Structure formats: structure tokens, C-alpha cells
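Hi,

Here is the structure I promised to hand over. Have a look at it first, and then read on for what turned up when I went through it.

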Amino acid sequence: IAVAAPVAAQEIIVVSHGQANDAFWSVVKNGVQLAADHTGANVDYRAPETFDMVAMSQLIDAAVNQEPDGIVVSIPDGDALGPAIQRAVAAGIPVISMNSGSGVYEELGVILHVGQSEYDAGEAAGAKLAEMGGTNAICVNHEVGNVALDLRCEGFSVGFGGTVEVVPTSNDPAEIEAKVAAALSSDESIDTVMALGASTAGEPAVVSAKASGRDILVASFDLSAGFLQSIVDGDAAFAIDQQQFLQGYLPVVFLANNANYGLMPGGSVASGPNLVTADKAAQVVELSAQGIR
């Protein structure tokens with residue numbers, strides 16, 4: 001079937017809350033770039049330097065002023081970002097959310113969401129770790145105030161059923177390693193660590209757990225080559241893959257096709273969760289190192 005080529009390249013702007021030092025978001029950007037290559041769209045990826053909702057709102061406002069053919073946003077805080085997103089919608093710009101915002105995107109007028117239910121994913125992780133024998137856990141939250149991460153800990157607490165303490169940190173791996181080590185040292189009954197980002201928190205949590213000399217269950221949201229290798233080596237239990245490459249790729253493809261041909265899926269896309277255990281981890285280590293998984 002011959003499909004007419006678009007008259008001109010479409011303009012799409014992606015605004016995420018992802019910080020530059022977080023390897024997770026480099027995978028999202030890789031998905032965005034491949035979608036730009038595949039569709040021929042001009043795609044501009046923007047994010048604040050730190051987790052800053054005021055700065056992110058300003059980036060969304062600036063995107064609206066450029067009148068692009070579509071905007072992709074993550075929504076870690078619906079109250080803070082809602083007015084800027086609603087201005088985009090009111091201006092007639094199609095908006096798709098990705099990664100965070102599954103609970104609020106509809107009320108803001110966003111067309112659809114590409115991501116996972118963070119609460120449900122956390123609950124599934126908690127149930128799995130309890131099944132593996134965990135009874136006393138810490139949930140390491142490296143972006144307190146990010147609704148998606150808060151929901152992960154909430155869901156984890158419910159699914160785990162045992163004792164859970166939330167340990168707030170920055171996204172500095174060195175600080176996370178120190179705080180996990182301190183928590184394990186202060187309470188020898190802690191037998192489970194739930195990290196909310198593999199490279200940021202999962203890898204340093206594994207280091208602290210091994211240094212404790214105790215048998216600690218360590219699991220993490222998201223993937224990194226290092227954390228996957230820890231699963232293969234038996235130093236970590238599992239990772240929860242939300243396939244963030246698709247979170248970057250699919251919204252750009254959807255918006256480009258919408259601008260070119262008036263096509264749009266009829267509903268949101270669940271990119272995860274997918275549980276990566278030892279039997280699967282070795283298969284995706286290389287893809288993670290390549291910035292795809």
C-alpha cells in the first residue's frame with residue numbers, strides 16, 4: 001500500500017522531569033530519537049536540570065508558545081503541572097503523557113498515556129518479595145514528591161504486608177548507598193530493600209546489602225546493565241521493567257501519525273510492568289547496556 005508522504009516534517013516537543021544524571025531517562029531519549037528517525041518528525045527533548053516542577057511548567061509553557069504539532073509530557077505532579085498542560089490542550093495542541101501521570105492525565109485533557117500503573121506495579125513487587133520470605137523492608141525513594149514514586153512505595157507496602165519504612169534520599173547513588181547501609185546497620189531485622197530506580201538506587205543498594213554480610217532481598221524498579229548482572233549473580237532478586245524505551249518512542253509515533261494522517265490509538269498503552277528475574281536477566285543485559293532496555 002502506497003502512503004503519501006507528509007508535506008513537511010512535523011514539530012513535536014517532549015518535556016520530561018527526567019534529570020540528566022539518571023540513566024533511566026537516557027533510554028527514554030533513545031526511544032524519542034528513534035521515533036524521530038522513523039517518522040521524519042523534528043523532535044525537541046527538554047527537561048529541567050533538577051526535579052523542579054516550576055521549571056518544568058515553564059518548559060511546557062514555552063512549548064505551547066511554539067505551537068507544535070504535538071507535545072509529550074511526563075506528569076509527576078498533576079497539581080503543579082496541570083495548569084500548563086491544560087493551556088496546551090486549550091490551544092488545540094494534542095498532548096500525550098508518558099511515564100508518570102496515569103492517574104491524572106484524563107482530567108487534564110491529555111489524549112492517552114503510555115506507562116504503567118505505578119501502584120499496581122509496587123503491589124506486585126511487594127507480594128513477590130513477601131513470597132520470597134521478606135518480612136521487614138525499606139523502600140528507598142530518591143524523588144519524594146514525585147507522585148509516581150510515592151505510589152510505588154504505597155503499593156509496595158500493601159503488597160508486602162510486613163513492616164515497611166520509606167527512606168527518603170536524593171538521586172545521588174553515593175548518598176543512597178550510605179543511607180541504605182545506615183538503615184541496615186540500625187535494624188538487623190531488615191531483610192528486604194525495594195529500590196525505585198535501578199542505576200540510581202538499585203545498584204548502590206546491592207553494594208550496601210552485600211557489605212552488611214546478611215541475606216538481604218534487593219529488588220528494583222527499572223533496569224540497568226549493572227543491576228541485571230546482580231540478578232544473574234544472585235545478589236538481587238528481580239527488576240520491574242516498565243519498558244521506558246517505548247514510553248519515549250510510542251508517543252512521538254502516535255503524534256506524528258496524528259498530524260500526518262489523523263490516526264490515534266483509542267486508548268492508553270500499558271508499557272509495563274514486566275518482572276525480570278534471574279532466568280530472563282541475562283537475555284536483556286546487553287540491550288540495557290545499549291540503552292534500549
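Phe245 has a relative accessible area of 15%, so this residue is buried. Please keep in mind throughout that this is a predicted model. Tyr249 comes out at 18% relative accessibility and counts as buried too; the cut-off for buried is under 20%. Both residues belong to helix H9 (residues 244-261), where they sit 4 residues apart, about one turn of the helix. Their rings also form a pair: the centres of Phe245 and Tyr249 are 6.4 Å apart and the planes are at 15 degrees, so the two rings are stacked.

How many aromatic pairs does the structure hold? There are 3. One that I would like to point out is formed by Phe156 and Phe160, with ring centres 5.2 Å apart and planes at 25 degrees, which makes the pair stacked because planes under 30 degrees apart count as such. These two residues are in helix H5 (residues 147-160), and because they are 4 residues apart, about one helical turn separates them. Phe156 and Phe160 are both buried.

H5 brings us to one of the sheets. This is an open sheet of 6 strands with mixed pairing, in the order S7-S6-S8-S9-S10-S12. S7 and strand S12 (274-276) are at the edges; each has a single partner strand, so one side of each has no neighbour in the sheet. On average, and with direction ignored, neighbouring strands here are turned by 20 degrees against each other. Within the sheet, strand S6 (residues 136-141) pairs with strand S8 (residues 192-195) in the parallel sense, over 4 bridges. Val140 has Ala195 in S8 as its bridge partner. H5 packs on this sheet and touches S6, S7, S8 and strand S9 (217-221), with its direction at about 170 degrees to that of S6. Helix H6 (residues 173-186) packs on the sheet as well, touching S6, S7 and S8, and its direction makes about 160 degrees with that of S6.

Val164 is worth a look while you are there. Val164 is part of strand S7 (residues 163-168). Is this residue buried or partly exposed? With 22% relative accessibility, Val164 counts as partly exposed, because buried would need a value under 20%. Apart from neighbours within four places in sequence, Val164 is in contact with Ala137, Cys139, Phe156 and Ser157. The C-alpha atoms of Val164 and Met194 are separated by 9.5 Å, with the two residues 30 apart along the chain.

Now to another sheet. This one is open and has 6 strands in the order S2-S1-S3-S4-S5-S11, with parallel pairing. Its edge strands, each pairing on one side only, are strand S2 (42-46) and strand S11 (269-270). Strand S1 (residues 11-15) pairs with strand S3 (residues 70-73) in the parallel sense over 4 bridges, and Val14 stands opposite Val72 in S3. Helix H1 (residues 23-39) lies across S1, S2 and strand S4 (95-99), and runs at about 165 degrees to S2. Helix H2 (residues 53-65) lies across S1, S2 and S3, at about 175 degrees to S1.

Then there is the largest pocket, with a volume of about 270 Å³. Which residues are closest to its centre? They are Asp22, Phe24, Trp25, Gly197 and Asp222, out of 29 residues that line this pocket. At least two lining residues each come from H1, H5 and helix H7 (198-212). H1 gives the largest share of the lining, with 5 residues.

Finally, here are two buried residues in helices. Glu118 is in helix H4 (residues 118-131) and, at 3% relative accessibility, counts as buried. Leaving out neighbours within four places in sequence, Glu118 is in contact with Asn99, Ala148, Leu151, Arg152, Phe221 and Gln242. Ser208 is in helix H7 and is buried as well, at 4% relative accessibility. With the same kind of neighbours left aside, Ser208 is in contact with Glu177, Val180, Ala181 and Leu184.

Enjoy looking around, and write back with any questions.

Best wishes

Note on methods:
Residues numbered from 1 in each chain as written. Predicted model: local features only at pLDDT ≥ 70, side-chain atom pairs only at ≥ 80, totals over all residues. Heavy atoms only, no water. Phe/Tyr/Trp six-rings, centres within 6.5 Å; stacked < 30°, edge-to-face > 60°. Buried < 20%, exposed > 50% of the residue type's maximum accessible area, 1.4 Å probe, protein only. Pairing = 2+ DSSP bridges. Contact = heavy atoms within 4.5 Å. Axes fitted to C-alpha atoms, helices over the stretch in contact; angles between N-to-C directions. 1 Å grid on protein atoms, 1.4 Å probe; cavity = no way out; pocket = protein on both sides within 12 Å on 5 of 7 lines; lining within 4 Å. Points joined across faces, edges and corners; volume = space filled by probe spheres on them.
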